[in-house]
Amino acid sequence: MRELSVGLGERSYPILIQQGMLDEIGSRLHKNPFAKRYAIIADDHVAALFGERLLASLRKSDIQAEMITFARGEASKNLDTIAELSSTLARMGFDRKDGLLALGGGVTGDITGFLAACYMRSIPFAQVPTTLLAQVDSSVGGKTGVDIPEGKNLVGAFYQPKAVFIDNQVLVQLPKSEILNGLAEVIKYGVIYDRDFFKFLEMSRKDILALDLQVLEDVIARCCKIKAAIVEADEKESDLRRILNFGHTIGHAVEAVSGYTLAHGAAVAMGMVAAAELAVLKGLLDRREKERLENLIHEFGLPVIIPQEYDRAGIQKYLLADKKTIGGKIFFVLPTSIGKVIITDEIEEGLTAKVL
């Protein structure tokens, strides 16, 4: 088992990575409880796949638990879902001594974390991520939130979990598209922070795509370690943590224009290539480095070009509504080499349109 920590003083918490972890959560919560009973929050698809295993693990350790589900997909990531889940918790008599377990991918983690931050003015929760994207990125760091029609993640809170329980064995039950969704975030870490990790991804591509569990455990642990270091240095995204948005500024706008039918990982992949091209045009990045990034994204089976049918004016509009835009200035994370990035709003007029 790998055990990492997010060091935030009194709010520090462990990240536990182990094959079969899903069946061990009950015994771990029995030894280190953070609530008197738990509500497992999952979408209807994940509940059918893994819900009974988690419930069985909890009940085996005499832990009270309930399963609460919502409709699968990004379309559920809204304030209506938060209201419905809050009402369900209230009807079940959940109070401030109870807690939540987020069982699922990034959408479930974001919804459950925000629900925990708001319900009864905050109750504790833990993350049980079941997708590669959630295991390497969204389950760590305490960013929670929901979408509104004007943009993605515009309503939310920074609210840290009590623990993150990662079972990489569950990944073998996921469709390939879900693995690819997470690989975009994996590649991101190599570009923003760790050139050696980027090289490891180039060399280990076949093993990763073949779902070699030991290699995947190494990948997940490295991503979580990088994320933990960044969050420890800048929890509320005032400075360093903003580098985690590499590929997301344009990526989120592309997602929005697609009506959220495009997978997050695919959008981030396109966004990373676009951001790298911006860096090349600004003279910040050698074109060979950009091509190296583009090649790795392509070799992992992710898209590198924004489809022509996606309205460019619409993408520009969503860029201005992005939560990272301040005073009408759009901030971009741009690579200066593989492993290093800068944050800048100094983008010449028309350059973004040219890249799009």
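**Notes on a predicted model: strands, two buried residues and some empty space**

1. Let's start with a pair of facing residues: Ile40 stands opposite Leu101 in E5. Keep in mind as you look that this is a predicted model. The pairing behind that match is between strand E3 (residues 37-43) and E5, which run parallel and are joined by four bridges.

2. E5 has another partner too. It pairs with strand E6 (residues 125-129), again in the parallel sense, and here there are five bridges. If you want a spot to click on, try Leu100, which sits opposite Phe125 in E6.

3. So how many residues of strand E5 are buried? Six of the six residues in E5 (residues 99-104) are, so the strand is largely enclosed by the rest of the structure. While you have a strand on screen, here is a handy thing to check: in a regular strand the side chains alternate between the two faces of the sheet.

4. Now hop over to strand E2 (residues 13-17). Four of its five residues are buried, so E2 is also described as largely enclosed by the rest of the structure. E2 pairs with strand E1 (residues 2-6) through five bridges, and these two run antiparallel. One facing pair is Arg2 and Ile17, the latter in E2.

5. E1 and E2 make a hairpin with six residues between the strands. Have a look at Gly9 there: its phi is positive, near 65°.

6. Which strand does E2 pair with in the parallel sense? That would be E9, over three bridges. Ile17 turns up again here, with Ile166 as its bridge partner in E9.

7. Just along the chain, Asn168 is in the loop between strand E9 (164-166) and helix H6 (176-192). Is Asn168 buried or exposed? Buried: its relative accessible area is 0%, and the cut-off for buried is under 20%. Setting aside residues up to four places away in sequence, Asn168 touches Gln18, Gln19, Gln135, Leu213, Leu216, Glu217 and Ile220.

8. Ser57 is worth a visit as well. You'll find it in helix H2 (residues 44-60), and it is buried because its relative accessible area of 5% falls under the 20% cut-off. A polar atom of the Ser57 side chain lies 3.2 Å from the backbone oxygen of Asp23. Beyond its neighbours within four places in sequence, Ser57 is in contact with Leu22, Asp23, Glu24, Ile25 and Gly26.

9. On to the gaps. Rolling a probe the size of a water molecule over the atoms shows where empty space is left. There are three cavities of 30 Å³ or more, and the second largest cavity has a volume of about 40 Å³. Among the residues lining that cavity are Asn245, His248, Phe332 and Val333. By class, its lining has five nonpolar, five polar and no charged residues.

10. Which element gives the largest share of that cavity's lining? H10 does, with three residues. Helix H10 (248-257), helix H11 (264-281) and strand E10 (332-337) each supply at least two residues of the lining.

11. Last stop: the second largest pocket, with a volume of about 260 Å³. Its lining has 16 residues, and Ile330, Ile347, Glu348, Glu349 and Thr352 lie nearest its centre. Helix H13 (312-321) and helix H14 (351-355) each contribute at least two residues of the lining. Sorted by class, the lining of this pocket has seven nonpolar, four polar and five charged residues.

Conventions:
Residues are numbered from 1 along each chain as its sequence is written. This is a predicted model: local features need pLDDT of at least 70, side-chain atom pairs count only at pLDDT 80 or more; totals for chains, interfaces and linings use all residues. Side-chain values use heavy atoms; hydrogens and water are left out. Buried means under 20% relative accessible area, exposed over 50%, partly exposed in between (1.4 Å probe, protein chains only). A polar contact is a pair of N or O atoms within 3.5 Å; within protein, one must be able to donate a hydrogen and the other to accept it, and residues adjacent in sequence count only if both atoms are side-chain atoms. Contact means heavy atoms within 4.5 Å. On a 1 Å grid over the protein atoms alone, a cavity is a set of points where a 1.4 Å probe fits but cannot get out, and a pocket is an open set with protein on both sides within 12 Å along at least five of seven lines; lining residues have an atom within 4 Å of a point. Grid points are joined across faces, edges and corners, and a volume is the space filled by probe spheres set on the points. Ala, Val, Leu, Ile, Met, Phe, Trp, Tyr, Cys and Pro count as nonpolar, Asp, Glu, Lys and Arg as charged, and the others, Gly among them, as polar. Two strands pair if DSSP finds at least two bridges between them.
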